[in-house]
Amino acid sequence: DGNVAKTLVNLGIVYLIQDKRDEAIACYEKSLEIFCCLGDEYNVAKTLVNLGNVYQVQGKWDEAITCYEKSLEADRRLGDDNGIAKTLNNWGLLYRDRGEQDKAIYLHEQSLEIYRRLKDDRGIAFTLEKLGSVCEDKGKLKEAISYYEQSFKIYRRLGDHHSVGTIFANLGVLFTRFNQPEQARTFWQEALTYLHPLPPSKPSSSG
């Protein structure tokens, strides 16, 4: 039943954390079969993305793309815009891994458009960050900086200090690559303040 399928999904996640990818795939495939029999398209779509992500890590691009395509079809039948946006981003990450940056940008831009329509700030920030990474890969310095800046401003507003620190670290790497050490150092220092904040000072004991 549905509970068995959900348990298999959770077991697949554990196997993935343990880097047991074949076992994770087996769990996802069994859960997918159950969800399909139940006509549970929402969980079919989610499980297909999980399965696609494992194939992507394994470098099985065609299998991953097939999973993403089927997930998108299910999300569109459901009218699940959030699911569509997430799948498009995962698919974009695949193309970035394959070195097909233009395809990655196209998919991330579609995802960004949906997140903006949904007013999903976290989704917007995440997608802007990924667009920055792809532009960095392409050597497009100004575009990458623009995307990263837009992303960290949203993350900062959301109070997500770890993501802000990660983006500052990315900017440090970017400026190092483009031989601008002073700006790189500034961003590395900013990254440290967000990723390793100083502990609050202890109050002095009164006599």
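In which helix does Ser133 lie? In this predicted model, Ser133 is part of helix α7, which runs over residues 121–137. The surroundings of this serine make a pleasant starting point. Ser133 is buried because its relative accessible area is 7%, under the 20% limit for that class. Leaving aside residues up to four places away in sequence, Ser133 touches Arg96 and Tyr148. With Tyr148 there is also a polar contact between the two side chains, at 3.3 Å.

From this one residue, the view can widen to the nonpolar interior. In soluble globular proteins, nonpolar side chains tend to be buried together. Here, the largest nonpolar core holds 58 residues. The members that touch the most others are Leu51, Trp91, Tyr95, Phe168, Leu171, Leu174 and Phe175. Helix α8 (residues 141–158) gives the most to this core, supplying eight residues. Leu51 offers a closer look at such a member: apart from residues up to four places away in sequence, its contacts are Ile25, Tyr28, Glu29, Leu32 and Cys67.

Cys67 leads on to helix α4, where it is one of the buried residues. The others listed as buried in this helix are Ala64, Ile65, Tyr68, Ser71, Leu72, Ala74 and Asp75. What covers them? The cover includes helices α3 (41–57) and α5. Helix α4 itself has 18 residues, and the distance from its first C-alpha to its last is 26 Å, close to the 26 Å expected at 1.5 Å a residue. Just after the helix comes Gly79, with a positive phi of about 70 degrees.

Aromatic rings add another layer to the picture. A pair of aromatic rings is described by the distance of the centres and the angle of the planes. The whole structure contains six aromatic pairs. Tyr68 and Trp91 make up a tilted pair, with 6.5 Å from centre to centre and 40 degrees between the planes. Since Tyr68 belongs to helix α4 (residues 61–78) and Trp91 to helix α5 (residues 81–97), this pair ties together parts that are 23 residues apart in sequence. Both partners count as buried: Tyr68 has a relative accessible area of 0%, and Trp91 has 12%.

Phe168 and Tyr194 also pair up, and their planes meet at 35 degrees with the centres 5.6 Å apart, so this pair is tilted. Distant parts of the chain are linked in this way, for Phe168 sits in helix α9 (residues 161–177) and Tyr194 in helix α10 (residues 181–195), 26 residues apart. Both Phe168 and Tyr194 are buried. They belong to one aromatic cluster together with Phe152, Phe175 and Phe187. Two of the cluster members, Phe168 and Phe175, were already met among the core residues that touch the most other members.

Charged side chains come next. The structure holds eleven salt bridges. One of them joins Arg185 and Glu182, at 2.8 Å from N to O. An α-helix has 3.6 residues a turn, so residues three or four places apart point the same way. Arg185 and Glu182 are three residues apart in helix α10, and therefore about one helical turn separates them. Arg185 is partly exposed at 42%, whereas Glu182 is exposed at 53%.

A salt bridge of 3.0 Å (N to O) also brings together the side chains of Glu100 and Lys103. Both of these residues are partly exposed, Glu100 with a relative accessible area of 23% and Lys103 with 43%. Arg98 joins Glu100 and Lys103 in a network of salt bridges. Elsewhere, Arg21 and Asp19 meet through their side chains at 3.1 Å, N to O, and Arg21 is partly exposed at 29% relative accessibility.

The last stop is the backbone in two loops. Most residues other than glycine have a negative phi, and most peptide bonds are trans. Which residue in the loop between α6 and α7 calls for attention here? Lys119 is found in that loop, with α6 covering 101–118, and its phi is positive, about 55 degrees, although it is not a glycine. Asn179, in the loop between α9 and α10, likewise has a positive phi, near 55 degrees, without being a glycine. Lys119 counts as exposed at 70% relative accessibility, and Asn179 counts as exposed at 65%.

How values were computed
Residues are numbered from 1 along each chain as its sequence is written. This is a predicted model: local features need pLDDT of at least 70, side-chain atom pairs count only at pLDDT 80 or more; totals for chains, interfaces and linings use all residues. Side-chain values use heavy atoms; hydrogens and water are left out. A nonpolar core is a set of buried Ala, Val, Leu, Ile, Met, Phe, Trp, Tyr and Cys residues joined through side-chain atoms within 4.5 Å. Buried means under 20% relative accessible area, exposed over 50%, partly exposed in between (1.4 Å probe, protein chains only). Helices (H or I, at least four residues) and strands (E, at least two) are DSSP runs, numbered from the N terminus. Contact means heavy atoms within 4.5 Å. A polar contact is a pair of N or O atoms within 3.5 Å; within protein, one must be able to donate a hydrogen and the other to accept it, and residues adjacent in sequence count only if both atoms are side-chain atoms. Rings of Phe, Tyr and Trp (its six-membered ring) pair if their centres lie within 6.5 Å; planes under 30 degrees apart count as stacked, over 60 as edge-to-face and the rest as tilted. A salt bridge is a side-chain nitrogen of Lys or Arg within 4 Å of a carboxyl oxygen of Asp or Glu. The expected span of a helix is 1.5 Å times one less than its number of residues.
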